[in-house]
Amino acid sequence: DQRRGDNIVKVTGLLIDYDNESLLQELWSMDAVAERFKEYTYLMYSSHSYWKSAPAIERFRLVLPFAKPLTIRSLDEDWHPYVPAMKTFVGYEEAKDLPEEMQYPDETTGRVVTRDKPAIDKQSFNTVQGYFLPSCPTGKTVIYRKNSGVFVDPSSFERIEGASMTSKALEVPADAHRGGD
């Protein structure tokens, strides 16, 4: 399998996946993201699932190229320590427990979902996560925006020693279930 972390040698930017499936967090719009990153060069495009609930809820991706590639010798040394700062930069919030009155049965398993999903997919910070190029259902059009500005300087992200990709979402009780998992 070639999609392993030890095969990553350089990272050339961030690709942020705005799924907007949270029940508790503020949902992102393409307009809000364009405003937040107006000084940066970016490409933003609708994901294939954009049309499931658009225009009420937009699902899209944001590509923010780095000014220079980030060399990765070891994910533990050269990537994970910077992820908390990257999450702050893009506005990522960790998922939280759902209040009992908001819990619901998962459509597939029937198990009660007790944990919310983050508005921004946590896999956005996984260097081996693959994403499809812009696509859309038959009869629909890809929505995109682009901006010319400064490139993100990866050296501006604060290094946090001991940072790990272990998510707080993994520290939930064994009988808890998050929708979609």
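**Exercise 1. Find where Y131 sits, and work out how exposed Y131 is.**

Start with the chain: Y131 is in the loop between β5 (112-113) and β6 (144-147). Strands here are DSSP runs of E with at least two residues, and helices are runs of H or I with at least four, numbered from the N terminus. Next, the exposure: Y131 has a relative accessible area of 22%, so it counts as partly exposed (buried is under 20%, exposed over 50%, partly exposed in between, with a 1.4 Å probe and protein chains only). Last, a distance: from C-alpha to C-alpha, Y131 and L15 are 8.7 Å apart in space, with their positions 116 residues apart in sequence.

Quick housekeeping: this is a predicted model, where local features need pLDDT of at least 70, side-chain atom pairs count only at pLDDT 80 or more, and totals for chains, interfaces and linings use all residues. Numbering runs from 1 along each chain as its sequence is written, and side-chain values use heavy atoms, leaving out hydrogens and water.

**Exercise 2. Describe the lining of the second largest pocket.**

Definition first: on a 1 Å grid over the protein atoms alone, a pocket is an open set of points where a 1.4 Å probe fits, with protein on both sides within 12 Å along at least five of seven lines; lining residues have an atom within 4 Å of a point. Now count: 17 residues line the second largest pocket, and V11, G13, L14, L15 and T127 lie nearest its centre. Then sort by element: β1 (10-18) and β3 (60-71) each give at least two lining residues, and β1 has the largest share with 5. Finally, sort by class: 10 are nonpolar, 7 polar and none charged (Ala, Val, Leu, Ile, Met, Phe, Trp, Tyr, Cys and Pro are nonpolar; Asp, Glu, Lys and Arg charged; the others, Gly among them, polar).

**Exercise 3. Track down the salt bridges of R145, K38 and E77.**

The criterion is a side-chain nitrogen of Lys or Arg within 4 Å of a carboxyl oxygen of Asp or Glu. Searching the whole structure gives 10 of them.

- R145 pairs with D31, closest N and O atoms 2.6 Å apart. R145 is in strand β6 and D31 in helix α1, so this pair ties together parts 114 residues apart in sequence.
- K38 pairs with E35 at 2.7 Å between the closest N and O atoms. K38 is exposed at 52% relative accessible area, while E35 is partly exposed at 47%.
- E77 meets R159 at 3.1 Å, N to O. E77 belongs to helix α2 (residues 75-78) and R159 to the segment after β6, 82 residues apart.
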